[in-house]
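Q: Please take a close look at one part of this model, the side of the first chain that meets its partner, and describe what surrounds it.

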Amino acid sequence: MADLFDNLSLGFAVALSLKNLALCFLGVLIGSLIGVLPGVGPVATIAMLLPLTFGIDPVGALIMLSGIYYGAQYGGSTTAILVNIPGEATAVVTTLDGHQMAKQGRAGIALGIAAIGSFIAGTFSTLLIAALGEPLSSVALLFGFADYFSLMVLGLMFAVVLARGSLPKAIAMILLGVLMSTVGTDLETAQERLTFGVPEFADGFEFAVIAMGVFGFAEILKNLEAPEAREVVKARIGRLLPGPSELRQSAGPIARGTLVGSVLGVLPGNGAVLGPFASYMLEKRLAADPSRFGAGAIEGVAGPESANNAGAQTSFIPLLTLGIPPNAVMALMIGAMMIHSIIPGPQIITKQPELFWGMVAAMWIGNLMLLIINLPLVGLWVRLLKVPYRLMFPAIVLFCSIGIYSLNNSAFDVEMVAAFGLFGYVLVKLGFEPAPLLLGLVLGRLMEEKLRQALLISRGDFMTFLDRPISATLLIVTALVIVLAALPAVRRRREDAFQG
Amino acid sequence: MPLTAPQPARTPRGALKSPQDFAAGLFLLALAAIGFFGSLGLDFGRLSSIGPGFMPRTVALLVAALGLLLLVQSFLWEGSRLERWSLRGPVFVLGAALLFAWTIRPLGLLIAGPLAVLVAAAADPRSRPLEVLIFAVVLTAASIALFSVLLGLPIPVWPAVLDRWL
């Protein structure tokens, strides 16, 4: 316990430096600003803002990026409440009761309780990361090559099960990502693979380029086809701070949502996406009068919003302790870390304690800033929401182009973004969900390396994956997950959940 | 922007029951073929020491298998119809990015910026010419201030010709 406090005080010493505090503030502010815009999710936001962090030292850059992430996440909830458009999957549930509250002139209270719930959830999950970080990474250090490989297989399988749409299509996306990760120079033999003679491909595909193309640009193309139906709530925003009775009503849901969201967020594979759904179901079941749900019940905002933020936070755990990104946002974070030549994984915590603990402390500070920034700025958000899409998307195109160009000062990268934008558009049209592709892309090289090493040690015997207890357990869990997901009953529920 | 696209009405049609899955299967097969044949020249290695060709070819085969599965599925199970593809959006939005890529070095942000905004805006029939023009100028000024002045990114601002001159 004493260790924990030592570590946290180291973290706060790093995070509370004037520069890092300013970066955290800027990140949260800009993240909220962009995240509020309908049709711009956290992945696109982070991809777009990545270049802002190039000139900063690694710790500062990661602090700012996580700030951007929380900001974008909370901005998405603001949009869900005020315009009934979920910025991303995790905010879908918030539209149900949040928007109803807004229509009744209680938008302020919905936003207020969302911010308060998020802050409480953020505080709890930050402590959880601090407590679990060290033990988990010491477990991870016991992992052999085979165990690592199996862990990645498990993580990818979870991601498949939790993606929307058909299972074979989601698995295909992961594999395509892995296939794309092999493009470039082979690490062992220095032979060029799948470069087709293009010199720019020798270093492999730039991660941010693919993310921006497949998420940023393809998203614009998708949005342009949907007729714009955006109705910013016309009722008064009303007071922001919930009264005592509303706080009493929300206390239980916030506590339960925090727990549910924290646990689900740790799952490798995008567990965080389930948190808000699970919390909403739970609150509805516990409620004395379930019919209030869907008609502006404050519990239906407080619970899921807390779960949302808790999951967003604890999904950093697999990234920071194992080096395995559980979702597309974390995959981008890995990309960002690599730009700053940090190799994510269990060694971070021991080799770069100031980075790990600084980030943990900055997470809590970021959550506090979220609360302080967002409440007074609600008026500004409402005005931003009125910016029509016809002006928004050309601006996004310009910022994305500048951002990608600045990545390597390469005009070729910008051309690649356009190509991947087209690729992403085709994926959408053919009913593929692109998020698993990013995970496969990020993990592909690492998986190949571990597979190669594991097989080298076992002299080509595949049984090594089943002989080692850790690896065998992970693979059995993987098999169970696949079987469960294929069961008709679970399949139907899974479809229901993603329909919102 | 709805999170899940509205599913087109499902009507029974001939032998092909899910055109979208059929097209998706073909798409996967095509990509798998690129991956497989593109890496044929690389050494596959042995299991005890896998070569650079192992991963691309194995994964390409798995992708192909899933492509085939989708093809078979599309004849067995009802599924979505192919959605309408639009041309205007992709042409202008992606065209704007390409144009930016080609003009940023020779002409600088001062010209590449507004050009990209104007071309992108043409993707939406609701765009208003005057509004877009003003917006393009303001956005370019703002991004020069932010990226070049404030953040100091080495992005060309002036046309290369002028730059040599100044």
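**Helix H8 of chain A and its surroundings**

A: In this predicted model, a convenient place to begin is A:Ala170, which belongs to helix H8 of chain A, a run covering residues 167-181. A:Ala170 counts as buried because 25 C-beta neighbours fall inside 10 Å, where 20 or more are needed for that class. In space, A:Ala170 lies 6.6 Å from A:Glu433, C-alpha to C-alpha, although 263 residues separate the two in sequence.

Helix H8 also takes part in the meeting of the two chains, in which 66 residues of chain A are in contact with 62 residues of chain B. On the side of chain A that touches chain B, the elements that give two or more residues are H8, helix H9 (207-225), helix H18 (389-408), helix H19 (411-429) and helix H20 (435-457). Of these, H18(A) supplies the largest share, with 12 residues. By residue class, the side of chain A that touches chain B is made up of 41 nonpolar, 14 polar and 11 charged residues.

Between H8 and H9 of chain A, two residues deserve attention for their backbone angles. A:Ala190, placed in the loop between strand S1 (184-185) and strand S2 (192-193) of chain A, has a phi near 60°, which is a positive value in a residue other than glycine. A:Ala190 is exposed, because 8 other C-beta atoms lie within 10 Å and the class extends to 12 or fewer. A:Leu194 sits in the loop that runs between S2 and H9 of chain A, and its phi, near 50°, is likewise positive in a residue other than glycine. A:Leu194 has 19 C-beta neighbours inside 10 Å and therefore counts as partly exposed, given that the buried class starts at 20.

As for the partner, chain B is divided into domain 1, residues 19-76, and domain 2, residues 88-165, and the centres of these two domains of chain B, taken over C-alpha atoms, are separated by 40 Å. The average pLDDT of chain B is 85, with 90% of the residues scoring at least 70. Over residues 1-10 of chain B, however, the pLDDT is below 50, and this stretch has 16 contacts in the model beyond near neighbours in sequence. For the complex, the predictor gives an ipTM of 0.88 and a pTM of 0.83.

Conventions. Residues numbered from 1 in each chain as written. Chains lettered and ligands numbered in written order. Predicted model: local features only at pLDDT ≥ 70, side-chain atom pairs only at ≥ 80, totals over all residues. Domains from an automatic or database assignment. pLDDT = per-residue confidence, 0-100. Contact = placed C-beta atoms within 7 Å. Helix = DSSP H or I, 4+ residues; strand = E, 2+ residues; numbered from the N terminus. Nonpolar A, V, L, I, M, F, W, Y, C, P; charged D, E, K, R; others polar.
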